[in-house]
Structure formats: C-alpha cells, structure tokens
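This report describes how parts of one protein chain pack together, with the terms explained as they come up. Please look over the sequence and the model before reading on.

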Amino acid sequence: MPIAFRHRDDAPPSIPELDGFTVYREFDAGVMSRLQGRDIAQIEDRFTEGHRAYVAAVHGVPAAWGWVATATARIGEVEASFSLLASDRYLWNFVTLAGFRGRGIYPRLLDAIVTAEALEADRFWIAYAPENHASGTGIRKAGFTLVADLSFDRAGRPVVRDIRDGGGSLAARLLGLPEINEAVAHCWKCARGAAPAQSSCVSGPCACDYQIADKSCAEELV
C-alpha cells in the first residue's frame, strides 16, 4: 500500500477548472449516512472522534466524498491504529460515485481538502491499495508524492518500506510500525488470499488491477 505525502508549502498542482465543481465540508451525520449508505451511528462516531467529512459536487449534485482524520486514525487492512500530531492530517475513505468517474473529481477533491485544512495543518498523508491504479493516478495529480510502502513482510507482519529517501522513517513514525529494507508484498489482493511468503508479488512485479475483479498477480505470473 503506497503512502503519499504533501506539505502545505508544496507547489499546488496544475488542475484545470471543472465547470460546476464545488467542495464543501459536511457537518450533518444524517447527510453522510444517506450518502454513504452507512448506519448513522457509525457516522456520528466518526465526527465524535474528530474526523471531518468533505463532499464534492457538480452543479450541486454530490459526486464524491472523503474523510480527514485530525486526531486518530486506523488502517483496518493491517490493523494499525495511530495518533496524529496537530500539524498532521490523514485522508481516507474516498469514493467517487459511478456516474462521475473519469472526470477528474478525485484529485480536485483532494486538492480542495488540502487547501482548506492547510489553515490548521502542515502535513497531509494518504494511502491506497497498490492495485487501485486509478486512485494512485489521482493522488499524484493532486500534488502528493509517494514516500513509502505499507504492506506485509514474508512473515505476514505489517511493515513500512522506504520508497523515497527518508519517507520510510517518516511513515514508520506516523504509523508506529517497523521499517524494513527487504521486499514486501506489493499486492494486497494476493496477500489476503495466501500467506505473503507464498504470494508471487512479494518478490516480483504485480499485475493486479482493482478495476478488474478476477485478475490476480498469481494468474499473471504463473
């Protein structure tokens, strides 16, 4: 799982304006509950824990949403819970509705959130499944830089590996996980289906694609 970073002083990305595009912070748990199809109690818990909801709309119609952690966060795939400094934000649970995909909504939403939250925070973090290529593209378009990999080592333990000099150390401190230099499982789909040591993408390239449900790196590399 690549982890990307953006500082509020980084040069803003060059993203053309999209007609009718707006982003706003949503404070109503009922609205987010209906939008996400989740129980309202779950949404209320998020607000109580300091998470902030942002919604992107096109001509007033909700098109996408995402959440910003301001105090604590959790990455369920590796069961990692961590606390954030007041100067940090962790962006998570982003969804673009099917009818609005392919229009560049995601990077515009990310950039708008960084602009809004930069009034209080300096550093912004986001992670994504490595087989979700569309998400990775959107994150880079929004001015984020990939700095580390969060995945499993050969023993199946969650670890962090450096992608950019110093990035692994920063991510390790943020997440409270060990940093290693050896290969990690590149693909979470394969790591979930078998022990990481048995997954071919631990030591080789991964051809998985989040958008193709039945495609696995094991099938590609055998």
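A nonpolar core is a set of buried Ala, Val, Leu, Ile, Met, Phe, Trp, Tyr and Cys residues joined through side-chain atoms within 4.5 Å, where buried means under 20% relative accessible area with a 1.4 Å probe and protein chains only. The model is predicted, so local features need pLDDT of at least 70 and side-chain atom pairs count only at pLDDT 80 or more, while totals for chains, interfaces and linings use all residues. Residues are numbered from 1 along each chain as its sequence is written, and side-chain values use heavy atoms, leaving out hydrogens and water.

The largest nonpolar core has 25 residues, of which L91, F94, I105, L110, I126, I139 and F144 touch the most other members. Helices (H or I, at least four residues) and strands (E, at least two) are DSSP runs, numbered from the N terminus, and those giving two or more residues to this core are tabulated here.

| Element | Residues |
|---|---|
| β3 | 52-58 |
| β4 | 61-69 |
| β7 | 88-96 |
| α3 | 105-117 |
| β8 | 123-127 |

The most residues, six, come from α3. A second, separate core of 22 residues includes W125, F152, A171 and L174.

Helix α3 also packs against helix α4 (residues 133-141) at an angle of about 45 degrees, with their axes 8 Å apart. The two helices are therefore oblique to each other, a word for angles that are not under 35 degrees, over 145 or 65 to 115. In this contact (heavy atoms within 4.5 Å), Y106, P107 and L110 of α3 meet S135, G138, I139 and K141 of α4.

Conventions: Buried < 20%, exposed > 50% of the residue type's maximum accessible area, 1.4 Å probe, protein only. Axes fitted to C-alpha atoms, helices over the stretch in contact; angles between N-to-C directions.
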